[in-house]
Amino acid sequence: MKQFLSFVRKEFHHILRDRQTLLILLGMPIALIMIFGFALTTEVKNARFAVLDFSKDNATREITNEMETSRYFDLAAEIHGYNEIEDIFHKGKAKLILVFPPSFESQLQHVHNPQIQIIADASDPNVATTLTNYAGNIIMDFQNRYNQERKYPYTIQTRVRMLYNPQQKGTYSFVPGVISMILMLVCTMMTAITVVREKETGTMEVLLVSPVSPIKVIVAKAVPYLIISIINIISILLLSYFVLEVPIRGSLFLLMSESILFTITCLSFGLLISTATDSQMMAMFISLTGLFLPTIMLSGFLFPIENMPKALQVASNIFPARWFYQVVRAVMIKGLPLAAVWKETVILGGMAVMLLLASLKNFKTRLA
Amino acid sequence: MNEQSIIHVEQLTKRFGDFTAVDAISFEVQRGEIFGFLGANGAGKTTAMRMLCGLSMPTSGKAFVAGFDVYKQTEGLKRNIGYMSQKFSLYEDLTIKENIRFYAGIYGKSDAFIKDKTARLLHQLHLEDQANKLVGSLPPGWKQKLAFSVAVFHEPRIVFLDEPTGGVDPVTRREFWNLIYEAAATGITVFVTTHYMDEAEYCNRVTIMVDGRIEALDTPSALKQTYNASSMNEVFLQLARKAKRNGDEVKTA
């Protein structure tokens, strides 16, 4: 036990002394959550729009007003003829223009099918699609209210309800993704590097001559990174809950336990890499390209697994992150209990045990 | 086996594929001795030493270190030896104190022992002011002396030194050897490999390895007499000329 504690203390000295790395390890999750949460969102907020209103009646004013008060749009300009449209888009004054035909409200009351033209700047097609959808929804809402107020006959409307993520917030799906990414990076890569570093500097040789057992060396290496990972999980969850307003529907305890299980799986992976390589460069290379990239691509975080070719679907099974991602989504966003994710839990646990055994077996107590 | 011998080696051999790095060597080392292991690069010194430390599995032959069999009793063996590798093996990003504490800790020494001995050691090395400085900031000579002190900190019965003075200036080498003498005076057996022939003169007995075999083993003065040489360097050159393997030293000599 004394040997083990000396070892853990030493590992902490290493980590605490290397302030830059520590800062990166603890700051990266925060930065990633912020970047994904605010910058890489598919949501568009406060897009500028312009209005070309040929009728200027109550209805058109009300729609314009609705648009402007929504959090998605800001009124940038009112224009007075089709010839101004090009100019607006060229100068980037607006991304979307609403065109109301003459006598809009009287058409609405008598003919029932007035048309509003929505012109969007589709040089960025994703933004354009999103914005036209938003605008369409706002107009639809207006129409519903307008119909109700005036006791007009019902019109059939389709109503789509987005379960679990009613506002279709982009943030929801990436929080589990970021958690798996960070844990993978911190645990797998950092542990792999830290063990290999001892081989490179030659200190491993001295450790092998000492009476410390390999399991103590290996576990002691992993402990500090386990703690850093737990700090990271907590900071990610706090940030996503309080800043990005992503709800945590399931049990927080279950979520933490599953995260720790995944952390252990990643640590074991890192240890296995470290026993199989002799240089820090190689360890980093294997962790990044062999593990980190496929994890991002195949865990279902960026691309849905269901859409992948069969072969890749099968391949995705060997990456622990794939299972963990499903667990986090189920527990955090759908609020499911352990009973719903027991299969994934067992798989993750099994992977951890197998990887640990493999790295212990691989850890040579003799040089040759 | 001789009562006094702390290392007992019989026909010890190590092969890597077709290459025989160490070829059936036999020798005994007495308790408290400073035993030099000389040879050109590639003569098999390091491989032989690694087998004795339990770092490398022998292909055949017998070896007992401090009474422990290097094949089976590595646990006991490792508890009773100290080791200083060719590469500098302290952690440069830890302070002097932290390094000592760590290495003493993995040998299971008590806090009281560590504290007491650290104070004495720092005093002896005149490093009291630097105790909390990072090892990486020390000059190379100091690092070597510190590494040696750490290797014997847990009071092993034998300490193995693998070319401990490589790349160190002559003055520091002198100081380093003073440390070795001090350790030997406390009863620690010193097993040291080197290719500096002047250092061979400091040993009680020296072995000269050529191509994996022991070509000579005696006290420095006896060797000089046998080979009718004025210095260990001459003795070494006479023996090393026979080498078939191309160690760098041999070629330039």
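**Helix and sheet geometry in a two-chain model**

Trainee: How far apart are the end C-alpha atoms of helix α5 (residues 140-151) of chain B?
Mentor: Helices (H or I, at least four residues) and strands (E, at least two) are DSSP runs, numbered from the N terminus. The expected span is 1.5 Å times one less than the number of residues. For the 12 residues of α5(B) that gives 16 Å, and the end-to-end distance agrees because the model has 17 Å.

Trainee: Which pLDDT do side-chain atom pairs need to count?
Mentor: Residues are numbered from 1 along each chain as its sequence is written, while chains are lettered from A and ligands numbered from 1 in the order in which they are written. This is a predicted model, where totals for chains, interfaces and linings use all residues, local features need pLDDT of at least 70, and side-chain atom pairs need pLDDT 80 or more.

Trainee: How many residues of α5(B) are buried?
Mentor: A residue is buried if 20 or more other C-beta atoms, placed from the backbone, lie within 10 Å of its own, exposed if 12 or fewer, and partly exposed in between. Among the buried ones are B:L146, B:F148 and B:V150. They pack (C-beta atoms within 7 Å) against elements of chain B including β6 (81-84) and α6 (170-185). The helix is mostly covered, with a buried count, out of 12, of 9.

Trainee: Happy with that! Now chain A: are α10 (residues 252-276) and α13 (residues 320-333) roughly parallel or roughly antiparallel?
Mentor: Their axes, lines fitted to C-alpha atoms over the stretch in contact, lie 10 Å apart at about 170 degrees, on a scale from 0 to 180 degrees between N-to-C directions. Under 35 degrees is roughly parallel, over 145 roughly antiparallel, 65 to 115 roughly perpendicular, and the rest oblique. So α10(A) and α13(A) are roughly antiparallel.

Trainee: Which residues of α13(A) make that contact?
Mentor: On the α10(A) side are A:L254, A:L255, A:E258, A:F262, A:T265 and A:C266. Facing them from α13(A) are A:P320, A:F324, A:V327, A:V328, A:V331 and A:M332.

Trainee: Which strands stand at the edges of the open sheet in chain B?
Mentor: Its 4 strands run β2-β1-β4-β5 with antiparallel pairing, where a pair needs at least two DSSP bridges. β1 (residues 5-16) joins β2 over 8 bridges and β4 over 5, while β4 (residues 60-65) meets β5 over 2. With a single partner each, and so one side left without a neighbour in the sheet, the edge strands are β2 (19-30) and β5 (68-69).

Methods:
Two residues are in contact if their C-beta atoms, placed from the backbone, lie within 7 Å.
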